[in-house]
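Me: Can you walk me through the empty spaces and the ligand site here? Short answers, please.

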Amino acid sequence: MQYDKFFAENLGGLRAEGRYREFADLERNAGSFPNAVRYANGRRQDITVWCSNDYLGFGQHPSVLEAMHEAINRCGAGAGGTRNISGTNHYHVLLEEELADLHAKEASLLFTSGYVANWTTLSTLASCLPNCLVISDALNHNSMIEGIRHGRSEKTVFRHNDVAHLKEILSNQDLDRPKIVAFESVYSMDGDISPIADILDLCERHNALSYLDEVHAVGMYGERGGGVAEREGVMDRVDIIQGTLGKAFGVMGGYIASSDNLIDFIRSNGNGFIFTTSLPPALAAGARAAIKILKERNDIRNRHQERAFTLKKGLLDAGIEVMASDCHIVPVLVGDARLCKIASDELLDRHNVYVQPINFPTVPKGTERLRITPTPLHTDEAMDHLISAFQDVWVRLNLRKAA
Ligand SMILES: *Cc1c(COP(=O)(O)O)cnc(C)c1O
């Protein structure tokens, strides 16, 4: 086996398909979000970021930074161990209380990322519940898919957001058999929202555990930022809510919120929770500050929605094909991997506008897109610049126009 040749050929294949990943080398400037500096070709370029998952700019919020500085000064850098071996810091305990309160659940559990939260919780439930069946939405995030796979129980996939299909699957199952229905609230590539109440109706009728990923909704939807389930008034009916501290809350880490017993069960059996160093205390302090602030800031949530709505309208008026989206995400269809990458490069090189191309396998082939995430901190002026940049690139590359 010639290992290096194998790796090089694989990469050559990705390049030929136009889906080789290049990372923009950025330096975020605290206090001037969403502006940043890009390092390329030996120079520094001032750019505006239009594709960050720091959806509300809280990664640079002064109170979040202050909480982190204070925690570093009090506790130092790292947590010093796994949760079990001296790594449970008081900031973790306070944050878990805050998260349980956010979702009005008995308890919550922290993980080092949202990815690990999904992976660990689903794999632990699927492998421990006897004869478990996991029923998973077709467009679920990779972290859920991998967790379910690792759980090695029987699994089945229902068509995306298709309640009738889910009903059909559940109706064929014994009421007593352990079942988990895993789905998301906001699907972040298309920007559509699942029929949560209908899915919960089915879970209750068929005695299935409901597992809801609210990663793209926590902080941004609901009266206190509890997510879409809070907005729809059904949060109390979801058995397990999963979220991240890395997107709207601006820091890093993941969690689940649920009943005392379920949380204690994952705490006691979940390998991805047990065998890893816990989050630095400063991260926990920063996330807690962000959650506390956002519980009381519907004005930020409203401004966020207004920005997304205004951008969608502006792009459509300019003839750019925005995909239908029910939320803060603005996907623009390109439909070709190579062109999508070139369009992104041109926006960045010629217009100082950074929008990352989204290609297969993140989305199906033929639906390659630019995914824009306007935040409350993107001004009208920045938006006008973005729209004219898109118009210029669309003409230059002869890309598809809205009907
Ligand atoms: C980003 C993401 C995750 C993972 O969260 P991280 O905290 O970034 O690891 C989980 N689920 C969905 C739907 C995501 O988009």
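**Pockets, ligand and cavity**

Reply: The second largest pocket has a volume of about 210 Å³. A pocket is an open set of points on a 1 Å grid over the protein atoms alone, where a 1.4 Å probe fits, with protein on both sides within 12 Å along at least five of seven lines. A volume is the space filled by probe spheres set on the points, which are joined across faces, edges and corners.

Me: Which residues are closest to the centre of that pocket?

Reply: They are L56, G57, F58, H61 and L377, out of 14 that line the second largest pocket. Lining residues have an atom within 4 Å of a point.

Me: Which helix gives the most to that lining?

Reply: Helix α13, residues 298-317, with three residues. Helices are DSSP runs (H or I, at least four residues), and strands are too (E, at least two), numbered from the N terminus.

Me: Is this a predicted model, and how are residues numbered?

Reply: It is a predicted model, where local features need pLDDT of at least 70, side-chain atom pairs count only at pLDDT 80 or more, and totals for chains, interfaces and linings use all residues. Residues are numbered from 1 along each chain as its sequence is written, and side-chain values use heavy atoms, with hydrogens and water left out.

Me: On to the ligand. Which residues come nearest?

Reply: G114, D213, H216, T244 and K247, of the 13 around the ligand. Being around it takes a heavy atom within 4 Å.

Me: What lies 2.4 Å from a ligand oxygen?

Reply: A polar side-chain atom of H216. For T244, a side-chain N or O atom is 2.6 Å from an oxygen atom of the ligand. G114 uses a backbone N or O atom, at 2.7 Å from a ligand oxygen.

Me: How much of the ligand does the protein bury?

Reply: The protein buries 83% of the 380 Å² that the ligand exposes when taken alone. Those areas come from the Shrake-Rupley method with a 1.4 Å probe.

Me: And which helix supplies the largest share of the shell?

Reply: Helix α5, residues 114-128, with three residues.

Me: How many cavities of 30 Å³ or more are there?

Reply: One. The largest cavity has a volume of about 90 Å³. In a cavity, the 1.4 Å probe fits but cannot get out.

Me: Which elements each supply at least two residues of its lining?

Reply: β4 (107-111) and α11 (271-274). The lining of the largest cavity includes R83, H92 and F111.

Technical notes
Polar contact = N/O pair within 3.5 Å; in protein donor to acceptor, adjacent residues only side chain to side chain.
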